[in-house]
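Please read this report on strand pairing and helix packing alongside the sequence and the coordinates.

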Amino acid sequence: MTAKTLAIGNYNDTDAAALEHDLDAKRVSSLDEALALDDAAREAVTAIAYMGHAAFGGDAMDAFPNLGLIANFGVGYDAIDVDAASARDIALTNTPDVLNDDVADLAVAMLLMQGRRMRQGDELVRSGRWADGESFPLNRKMSGAKVGILGLGRIGHDIANRLAAFKMDLHYWSRSEKDTPGWTYHADPMDLARAVDVLVIALVGGPETENMVNAAMLDALGKDGVVINISRGTTVDEGALLDALEAGRIAGAGLDVFVGEPKVDPRFYKLDQVVLQPHQGSGTVETRAAMGQLQRDNVAAFHEGKPLLTRVN
């Protein structure tokens with residue numbers, strides 16, 4: 001018997017077992033492996049549980065002639081051609097909300113780690129140099145600073161709420177002004193950069209936001225400015241960011257995402273003022289379990305003819 005559900009990606013053991021037990025899913029590790037299945041296997045597939053960053057376009061969708069759902073593992077779905085899916089009457093779902101807390105926590109952690117130079121402090125203690133009398137240089141106060149949230153969606157809002165507890169002066173840009181508790185709205189991202197000390201990028205990925213943070217915006221942020229990015233590597237002109245960091249035109253950065261990740265431009269490795277993380281924003285046991293459950297719930301709802309829980313298109 002051929003499977004109606006195809007799971008694409010490197011799922012952990014728990015999610016893999018649940019996909020097989022709950023949905024009788026066939027699993028493959030990559031989109032290329034899925035496309036290499038024989039005609040009968042691909043024709044049987046009506047729902048795909050997708051966990052990956054490879055571009056999933058119209059040609060790949062056409063390889064599954066009875067496909068009706070792509071259930072994405074993750075809130076970001078920029079690898080999937082939404083217009084192509086809609087044109088083929090293929091529903092797309094994602095896993096929003098369940099990961100907001102973890103991503104917001106990491107944004108705050110990277111800002112603290114960058115400003116208080118916690119990686120360098122840890123190394124000073126572990127190396128024994130502190131015990132030998134070497135002092136640790138003064139670093140930067142976070143509380144009370146002006147912070148700008150570039151993209152005040154669900155995650156951006158949760159980041160702002162956390163930073164408000166640090167008595168920070170909250171500014172934001174979004175496509176429209178939000179009902180916020182005294183936070184300052186900027187209709188132009190450049191105006192936001194000029195107004196703040198810290199720029200936290202919480203944009204969605206995709207062509208509309210590609211390189212939104214460019215050289216001009218980094219110059220507007222200024223030599224004391226810090227960039228925190230927990231969105232997508234594509235939202236920042238990475239070359240311009242590296243140039244600005246190397247030249248001291250901004251003070252530092254905290255990055256959980258990169259262009260071409262997991263390969264990272266080696267220029268970053270030489271920058272002591274940058275915190276680098278391995279795209280682990282949602283990477284806790286609890287949240288990844290919730291994401292997997294929501295993905296499976298969407299697939300189950302589709303097969304049962306019920307409304308999808310988190311439909312995108």
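What follows describes the sheets of this predicted model and the helices that lie on them.

One open sheet has 7 strands, paired in parallel and arranged in the order β8-β7-β6-β9-β10-β11-β12. Its edges are formed by β8 (184-185) and β12 (274-276), and because each of these has a single partner strand, one side of each is left without a neighbour in the sheet. Within this sheet, β6 (residues 146-150) runs parallel to β7 (residues 169-173) and is joined to β7 by 5 bridges, with K146 standing opposite D169 of β7. Helix α6 (residues 100-115) packs on the sheet, where it touches β9 (198-201), β10 (226-229), β11 (252-255) and β12, and the direction of α6 makes about 150 degrees with that of β10.

Another open sheet, of 5 strands, also shows parallel pairing and has the order β2-β1-β3-β4-β5. Here the edge strands are β2 (26-28) and β5 (91-93), each of which pairs on one side only, and the twist from one strand to the next averages 20 degrees. Strand β4 (residues 69-72) pairs with β5 in the parallel sense over 3 bridges, and A71 stands opposite T93 in β5. Helix α12 (residues 285-303) lies across β1 (5-8), β3 (47-50), β4 and β5, and runs at about 165 degrees to β4.

The two helix placements are set out below.

| Helix | Strands contacted or crossed | Angle |
|---|---|---|
| α6 (residues 100-115) | touches β9, β10, β11 and β12 | about 150 degrees with β10 |
| α12 (residues 285-303) | lies across β1, β3, β4 and β5 | about 165 degrees to β4 |

How values were computed. Residues are numbered from 1 along each chain as its sequence is written. This is a predicted model: local features need pLDDT of at least 70, side-chain atom pairs count only at pLDDT 80 or more; totals for chains, interfaces and linings use all residues. Side-chain values use heavy atoms; hydrogens and water are left out. Two strands pair if DSSP finds at least two bridges between them. Helices (H or I, at least four residues) and strands (E, at least two) are DSSP runs, numbered from the N terminus. Contact means heavy atoms within 4.5 Å. Axes are lines fitted to C-alpha atoms, for helices over the stretch in contact, and angles run from 0 to 180 degrees between N-to-C directions.
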